[in-house]
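Trainee: I am new to this structure and would love a close look at a single part of it. Could you pick one strand and walk me through how its surroundings fit together?

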Amino acid sequence: LAQAAARSTPPCQVHTAPAARTRGTMDANAPKLAKVEKVLGRTGSRGGVIQVRVQFMYETTPELAGRSLIRNVKGPVKEGDILALLETEREARRLR
């Protein structure tokens, strides 16, 4: 009975991406690098979030190069640090 069931099930298929498609092209979901220009201040109910102005770097995203955004960062950060941003459309609201 086990032999009959083994013969009737189709073999597993493993899908692999062609090497030409994975090399040399930038993934749309790849993190975009941005350099911290200025630390604007702390925000959040306990001050655990730091608001910073970042400028996108040319090396990772030529189409965003030079554009700057205000972002909220959790954890220690200082001017000159480089952040890897997964999302680049949203901008944080300014501190009051």
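Mentor: Gladly! Let's start with strand β4, which spans residues 82-85 and has two faces. Leu83 and Leu85 lie on its covered face, while Ile82 and Ala84 lie on the uncovered one. Keep in mind as we go that this is a predicted model.

What does β4 pair with? Strand β1, residues 32-43, runs antiparallel to β4, and 4 bridges join the two. You can find one of the matched positions by looking for leucine 33, whose bridge partner in β4 is alanine 84. That alanine belongs to the uncovered face we just met.

Now step back to the sheet that β4 belongs to. It is an open sheet of 4 strands, ordered β3-β2-β1-β4, with antiparallel pairing. At its edges are β3 and β4, each of which pairs on one side only. If you look along the sheet, neighbouring strands are turned against each other by 50° on average, ignoring direction.

Moving across the sheet from β4, we pass through β1 and come to β2. The antiparallel strands β1 and β2 are joined by 8 bridges. As one example, valine 36 stands opposite valine 54 in β2. The two strands form a hairpin with 5 residues between them, and in the turn you will see glycine 44, which has a positive phi of about 95°.

On the far side of β2 comes β3. These two strands also pair in the antiparallel sense, over 7 bridges. Two positions are handy for finding your way here: arginine 53 stands opposite isoleucine 70 in β3, and valine 49 stands opposite lysine 74 in β3.

With the sheet in mind, we can return to the covered face of β4. Leu83 and Leu85 are both members of the largest nonpolar core, which has 12 residues in all. The other members are Ala34, Val36, Ile50, Val52, Val54, Phe56, Leu64, Leu69, Val73 and Val77. Two or more of the core residues come from each of β1, β2, β3 and β4, and β2 gives the largest share, with 4 residues. As a general point, nonpolar side chains in soluble globular proteins tend to be buried together.

Valine 54 is a good place to see these pieces meet. Setting aside residues up to four places away in sequence, valine 54 touches both Leu83 and Leu85. Its other contacts are Ala34, Lys35, Val36, Glu37, Arg67, Ser68, Leu69 and Arg71.

Just past our strand, there is one more residue worth a visit. Threonine 88 sits in the segment after β4. Is threonine 88 buried or exposed? Its relative accessibility is 10%, so threonine 88 counts as buried. Apart from neighbours within four places in sequence, threonine 88 is in contact with Lys32, Phe56, Leu64, Arg67, Leu69 and Arg71. Among these, Phe56, Leu64 and Leu69 are members of the core described above.

For another view, go to lysine 38 in strand β1. Lysine 38 has a relative accessible area of 47%, so it is partly exposed. Beyond residues up to four places away in sequence, lysine 38 touches Val52, Arg53 and Glu79. Lysine 38 also lies 9.5 Å from isoleucine 70, C-alpha to C-alpha, although 32 residues separate them in sequence.

Finally, let's put the part back into the whole. The protein chain has 2 helices and 4 strands, and from the N terminus on, its elements run α-α-β-β-β-β. Of its 96 residues, 25% are buried. The chain exposes about 7,800 Å², with carbon and sulfur atoms supplying 53% of that area. Looking at contacts between residues at least 6 apart in sequence, 46% join residues at least 24 apart.

How confident is the predictor about all this? The mean pLDDT of the chain is 78, with 72% of residues reaching 70 or more. Among the elements, β2 has the highest mean pLDDT, 93, whereas helix α2, residues 19-22, has the lowest, 47. The pLDDT stays below 50 over residues 19-24, a stretch with 1 contact in the model beyond near neighbours in sequence.

Note on methods. Residues numbered from 1 in each chain as written. Predicted model: local features only at pLDDT ≥ 70, side-chain atom pairs only at ≥ 80, totals over all residues. Heavy atoms only, no water. Buried < 20%, exposed > 50% of the residue type's maximum accessible area, 1.4 Å probe, protein only. Pairing = 2+ DSSP bridges. Core = buried A, V, L, I, M, F, W, Y, C linked by side-chain atoms within 4.5 Å. Contact = heavy atoms within 4.5 Å. Axes fitted to C-alpha atoms, helices over the stretch in contact; angles between N-to-C directions. Areas by Shrake-Rupley, 256 points an atom, 1.4 Å probe, with all protein chains shown as cover. pLDDT = per-residue confidence, 0-100.
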